[in-house]
Amino acid sequence: MESTGPLTRDLVGRARRVFGGGTLHSWAIPEDATVVIARGQGAYVWDADGREYLDCHLGSGPLLLGHGHPAVTAAVKEQLDRGVSFHFFNPQVIDFADREVAAVPCAEAVRFVSTGSEATFYAMRLARVFTGRSKILKFEGALHGGQDYAAQSTSPHHPRPFPHPVPDSDGIPAGATESVLIAAFNDLDSVRSVIARRGDDLAAIIVEPMQRALLPEAGFLAGVRDLAKECGALLIFDEIITGFRLAWGGAQERYGVEPDLCTLGKAFAGGFPVAAIAGRREIFEVTRPERRGKATFAWLSGTFNGNPVGAAAGLACLEVLSQPGVYDRLQSIGDRLRAELPVAAQEAGLDVEVQAIGDGPVVQVFFGPGPLRTYRDVLATDQNLRKQFGVELVKRGVLTNPGEKLYLSLAHTDADIDRVLDAAQESFRILATAR
Ligand SMILES: Cc1ncc(COP(=O)(O)O)c(C=O)c1O
């Protein structure tokens, strides 16, 4: 099935010439799943040729309400008339901060930035300054953005023995890589072993509480919480994906473990480029400008921090998310896909075990035996089949970044979930026939 029309092909050709490296990102979407999106509304987007897609990518997660939610659009339009950027406190961003502090269990104070990568960068810096230590423990396979301390063992093809990181990019100074120690998700012994060697210089343990789509096993996050406390390191939950998505209070509410700091982004800002660091008030004391040159000090600043348009969008978005029934709905559509996708694969005659994992409105499909507990379990599954499955979904009008997570929104109806399942079943059939 041809997924690209003439206008799309022309635009992609122009993009390949004008964009450095030929892409917007660090990865390439397979040629036959490349889409140029001209418009989005609700759970749907339309490409440059007018072809409709059910959007299960949601801008890589932010559009938890769907595209063009009327409350968000109205709030943004209103703000556009009042001004778009001040670099000073404004009522919108103060209200937005208040909402975070009220909602997120660990949040006594908050600071805004523009992207998730900035948020994790500053969370790590805050931890280093607050503890006076230098090392960061991160988990293999976890993604915390593109900054030098995060781009370590995110998706290594050839992982090194723990705790040695594999940088995800060339050009990262050795000092940054050496400051990061790697452990295995869902494996408290590997965390203990890092702490036994370097615990006295450990500033923070950063964890995605749901790592990509891997669920934390019972006791894992609580165990990490205890180990961090015992060795004097801060615990950072990177909730860029899970914040306001798995529950109103994020993964820390859903899984019942409170970190010292967390990062927030994507879902909470109605699609606008806003992220945040939130946590214990005393940790943020090191950012006080009056400390500069006099006491330990963490520089935390940015031109768009506190942007009123993003804050207005975020406030409107959180108002919708705070309504009764929202998180039950998001959980139920995710649960339905997780239950029915493996059955659809079996019915399609696929001779490979299919795992549909994740939590809330986040679902990822893997091809290979379960249970999937760690990045290395994921690495042992069939990556090509996973990508191919995503390409087939796109060809059938279900938009996804092939091989990555499927994101669902409040705009997805039950009929839309049926449509995902139909497209998946056909895609599984294609994969089965090709084997
Ligand atoms: C858990 C997590 N942290 C951090 C980031 C980086 O966010 P950004 O792409 O906004 O820099 C991402 C991006 O997907 C993420 O999923």
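**Reading the ligand site and the domain interface**

Q: By class, which residues make up the shell around the ligand?
A: Welcome! Keep in mind that this is a predicted model. The shell around the ligand has three nonpolar, five polar and four charged residues.

Q: Which residues are around the ligand?
A: Among them are Leu143, Ile240 and Ile241, along with Thr115, Ser117, His144 and Glu208.

Q: How do I read a polar contact with the ligand, and which side chains should I look at?
A: Look for a pair of N or O atoms within 3.5 Å. Here, a polar side-chain atom of Asp238 lies 2.7 Å from a ligand nitrogen. The side chain of Lys266 has an N or O atom 2.8 Å from an oxygen of the ligand, and for Arg212 the distance to a ligand oxygen is 2.9 Å. The protein buries 79% of the 390 Å² that the ligand exposes when taken alone.

Q: How is the protein chain divided into domains?
A: Domain 1 covers 6-68 + 325-434, and domain 2 covers 70-321. Their C-alpha centres lie 26 Å apart. Domain 1 gives 28 residues to the contact, and domain 2 gives 36.

Q: How do I read the size of an interface?
A: It is often given as the accessible area lost when the parts come together. In this case domain 1 and domain 2 bury about 2,600 Å² between them, with 59% of it on carbon and sulfur atoms. On the domain 1 side, Tyr327, Arg373 and Tyr375 lose the most area to domain 2, together 26% of what that side buries.

Q: How many salt bridges are there between domain 1 and domain 2?
A: The count is three. Across this interface there are also twelve residue pairs in polar contact.

Methods. Residues are numbered from 1 along each chain as its sequence is written. This is a predicted model: local features need pLDDT of at least 70, side-chain atom pairs count only at pLDDT 80 or more; totals for chains, interfaces and linings use all residues. Side-chain values use heavy atoms; hydrogens and water are left out. A residue is near a molecule or strand if one of its heavy atoms lies within 4 Å of it. A polar contact is a pair of N or O atoms within 3.5 Å; within protein, one must be able to donate a hydrogen and the other to accept it, and residues adjacent in sequence count only if both atoms are side-chain atoms. Accessible areas come from the Shrake-Rupley method with a 1.4 Å probe; for residues, only the protein chains shown count as cover. Ala, Val, Leu, Ile, Met, Phe, Trp, Tyr, Cys and Pro count as nonpolar, Asp, Glu, Lys and Arg as charged, and the others, Gly among them, as polar. Domain bounds come from an automatic or database domain assignment. Contact means heavy atoms within 4.5 Å. Buried area is the accessible area (1.4 Å probe) that two parts lose on being put together, summed over both. A salt bridge is a side-chain nitrogen of Lys or Arg within 4 Å of a carboxyl oxygen of Asp or Glu.
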